[in-house]
Structures are given as structure tokens and as C-alpha cells.
Amino acid sequence: MRMVDLIIKKREGHALTREEIAFWINGYVKGEIPDYQVSAMNMAILFKGMTEEEVINLTDLMEHSGETLDLSNLKGVKVDKHSTGGVGDKTSLVLGPMVAACGATFAKLSGRGLGHTGGTLDKLESIPGLSIQVSGDRFINQVNELGIAIVGQTQSLVPADKKMYALRDVTGTVESIPLIAASVMSKKLAAGTDAILLDVTLGKGAFMKDINQARILARLMVKIGNGLKRDTRAVLSDMNEPLGLAVGNALEVKEAIAALHGNGPEDLMELCYKGGAVMLEQAKIAKSFEEGKAMLEKVIKDGSAFEKFVKMVKAQGGDTEYILHPEKFEVASKIVPIIAKEDGYVKELDALEIGLSSCRLGGGRETLEDTIDMSAGIMLVKKIGDQVKKGDVLCYLHTNKSDDVVKQEAETVYNAYSFTKDFVNKTQVVLEIIQ
Ligand code: URA
């Protein structure tokens, strides 16, 4: 078999057999097939697509390209959550402790941010002392003891995705439904939980730009998961504007802490309550969505969700003083208000532009080697549907960068907003639940 023939076969729109996909994935992981051929294959898939059978085979072969986790020694129904990426998405930091406080076993392997999207690991690392590099045994012990751990994926899990995702990121091939489905599901399946909740984001700040594409991706992933005996469900969520008000690592952790006290922004709370209620049904803790929601409201009100987060941070070596007193988090040297130049309502707030700007202010990385300024980012004040008067603050830039960068980003961020004189409804974040 030759890789070039498989590329040509896909380029001509034909389906690859399991043996052919195995040749590609195994050869790539072993270093026998070069990046340039895999790039060409990914581009052919982006244009020609894959059949459902091809995606299932690709997912399965990627999942088994390295070690898989055996969580069978853990108590209870193990649940995991994955978002297809967004801006201001700190959901896992809130939803995880919430469902764990209700008795679910939340065992999550997370990733880092790349491009305009943030990653849960980077956010967690803004808590001084906290370690996301936890051995398999410690991970299992922590989950058994506390019902929650959020840690980094080990190098040995799904090496095929690690290589392929980095390659897709620099070859314009991220936005392919079969490749996203196989990437997400291979990781979730290898992580070994019994149930998976997928948050499929859509809109300007997401890889899926419209609801039809997002629905196709969500249904495909739900089918793959359920086909492999994992209770898999999905929420479709809006990512046209950022989620919540905070964008940037420490800023988002502070917002997550506020949310765990019940003081989070409405859209973030909506996603956590609805996603969490689905998870509690999956974990067989709640008999219905409504019962799940009521349980989640209770653990926010009585403080046990917050308490769970504090315990998780402590177990992973983090300094809990920062969680108990979030004003201790380091603040950027420059906090610059962006001022409205006209009256009206916010019509649009481009999540992609805000995400990219936050990165340039120091809050993200362009390559995996870049270091992040944990204090940098953007605090939104006005979002879609808010009324604005000339002179109002729209948002604040938080940065340690030069005045030139501030000037440039102030313009970009202002242009990420658009206004109208007419009343605009606020965004509803959860658009559909697929099960
Ligand atoms: N998230 C992933 O893990 N993989 C993708 O391909 C896209 C989003």
C-alpha cells in the first residue's frame, strides 16, 4: 500500500477501507508517513468528506493509536464533557464541581487553548501551585475521593490526534466535520468514561459556523459514542459572542468562582444548569432534566459546588487562598476602557475577534511553545441586546503589552461590536439538546 494512492483515492471522492485508514494512522504515529502526506489527506477529506463507516473506523483507530484509560475501578457512573471550542468558555470549571457536588463522578482530561479558543488547562494553571500533570493512579484516587479531577491528557493517550491536530491547525484543515468528530470522540473514548456530554459550539467564535453544520457534527458524534456503548449526548450552544463576560485565563477563573457562588453571567449559568441537568440524567442521579436542574440549583445555593471546587484545587496542589479571596489574583498593569461612540443596542459582538484580540493582549498563544500572561484578556461589560449610551464603557482590555499594542487592540475590539437603534433580544445560549 502507498499513502499517495490513498490520497488520490480520497481526492477522487472514494471511501477508504478500514485497512487503508489503519495504514495511514499507524504509519503516521510510527513516523513512517510524513506530515506533508497527512496534510494532503486531511485537505482531501475536508473537500470530499467521509462516510459514517469511515469516520467510525478513523475514530476507533485513532483511539487505539496509544494507551487507553481503564476507569473501571472508579465508583459510580463516570461522566466527561467536551466542548468543540469557544471564547470565554469556562463551563467545565463550573459545571464539573456542580455535578460532582450532586454525586456524579466527573473525570475530565482537558486540553490547552490554541488559535482564538481558550483551553481549560491554561485557565486552571492561572491558580498558583495547581498541577494539571497528575499520574494515572493519583487521578483515579482523587476522583474516587472527591468525585472530580480535571487534568491534562498524558502524552501516551491518542498520539494520532496530538500529531494530527497540530498539523490541522497550521494547514487550514480544522473545520472538517469527519476530522473534528474523530478527533473529539477518539479522545473521549480513550479517556474511558461511561457517559459523555458534548458541547458543540456554533457561530463566529466556533469552528462550526451555522446550526445545520453543528447539528450534523453533533449527531455524528452522538452516534459514534452510543454505537460504542457510551451514553453520549450533545448540547448545541451559541458562540457568536463570547460566553460570559470574562475572556482570558485568570479573569475566567474569577468568573467561574463567582458563578459557583451563584453570581455568574446569565448565559454561563444557563449552559451550566442545562448541560449539568443532562449530565445528571446520564449519571443516573436525576430521573429527569427538571429534577437535575433543581439539584444543581441547590448545590449552588448551599455552597457545596463551590466547596467541591476548593477541594479539587487543594488536591491538585493549588493555593486555595486565591479561590477563597479571588482579589489575590495578579492584575494586569494596564486596564483600558473601550468607550461607546454612539447610542443604541449591541447587535453583534464578534467572538472570533475578541478571542484573537485577547490572545494578542497576552492571554493566548500562537504556538504551543508560547507562554501566556495569565492576567491578560478582556472583561466585557456590554453584550448583545444591551442598551448603550454614548460614553458608556463597552469592555476593558487587561494587558501588560506596549501602548502600541493597546492602541491597535482598542480599535479591533471596538470594531468587534456593531450597534443598531432597534431593540435587540439577548442571546439564548443553549439552542438544542441532542440525545
Ligand atoms: N476540538 C477537538 O478536540 N478536535 C477538533 O478537531 C476540534 C475541536
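**Sheets, a buried glutamine and a ligand site**

In this predicted model, isoleucine 338 sits opposite cysteine 395 of strand β11. That pair belongs to the contact between β7 and β11, two strands that run antiparallel and share six bridges. On the β9 side, cysteine 395 turns up again, this time facing leucine 380. Here β9 and β11 (residues 393-399) are held together by four bridges, once more in the antiparallel sense.

Stepping back, these strands are part of an open sheet of four, ordered β6-β9-β11-β7 with antiparallel pairing. Its edges are β6 and β7 (334-339), each of which pairs on one side only. At the β6 end, two bridges tie residues 246-247 to β9 (residues 377-380), again antiparallel. One of the residues involved is alanine 246, whose bridge partner in β9 is methionine 379. As for what holds such an arrangement together, strands of a sheet pair through backbone hydrogen bonds, whether parallel or antiparallel.

There is also an open sheet of three strands, with the order β10-β8-β12 and antiparallel pairing. Here β10 (387-388) and β12 (417-420) take the edge positions with a single partner strand each, so one side of each has no neighbour in the sheet. Four bridges link β8 (residues 344-349) to β12, and the two run antiparallel. Within that pairing, leucine 349 has tyrosine 417 of β12 as its bridge partner.

Away from the sheets, glutamine 316 is worth a look. This residue is found in the loop that connects α14 (304-315) to α15 (321-324). Loop or not, glutamine 316 counts as buried, because its relative accessible area is 1%, against a cut-off of under 20%. What does the side chain find there? A polar atom of the glutamine 316 side chain lies 3.0 Å from the backbone oxygen of isoleucine 150. Beyond the neighbours within four places in sequence, the contacts of glutamine 316 include the run Gly129, Leu130, Ser131 and Ile132, along with Arg138 and Gln142. Ala149, Ile150 and Val151 are also among them.

The ligand has its own set of surrounding residues: His82, Thr84, Tyr165, Arg168, Ile180, Ser183, Val184, Lys187 and Phe207. Several of these come with polar distances to ligand oxygen. For lysine 187, a polar side-chain atom is 2.5 Å from an oxygen atom of the ligand. For arginine 168, the distance from a side-chain N or O atom to a ligand oxygen is 2.9 Å, and for histidine 82 the corresponding value is 3.4 Å. On its own the ligand would expose 240 Å², of which the protein buries 93%.

As for the chain as a whole, there are 17 helices and 13 strands. The C-alpha atoms occupy a box of roughly 65 × 45 × 40 Å along the principal axes. The radius of gyration is 21 Å, which agrees with the value near 22 Å that a compact globule of 435 residues would have. Buried residues account for 58% of the 435 in the chain. Among contacts with a separation of 6 or more, 78% join residues 24 or more positions apart. The exposed surface comes to about 17,600 Å², with 51% of it supplied by carbon and sulfur atoms.

How values were computed:
Residues are numbered from 1 along each chain as its sequence is written. This is a predicted model: local features need pLDDT of at least 70, side-chain atom pairs count only at pLDDT 80 or more; totals for chains, interfaces and linings use all residues. Side-chain values use heavy atoms; hydrogens and water are left out. Two strands pair if DSSP finds at least two bridges between them. Buried means under 20% relative accessible area, exposed over 50%, partly exposed in between (1.4 Å probe, protein chains only). A polar contact is a pair of N or O atoms within 3.5 Å; within protein, one must be able to donate a hydrogen and the other to accept it, and residues adjacent in sequence count only if both atoms are side-chain atoms. Contact means heavy atoms within 4.5 Å. A residue is near a molecule or strand if one of its heavy atoms lies within 4 Å of it. Accessible areas come from the Shrake-Rupley method with a 1.4 Å probe; for residues, only the protein chains shown count as cover. The radius of gyration is taken over C-alpha atoms; the globule rule is 2.2 Å times the number of residues to the power 0.38.
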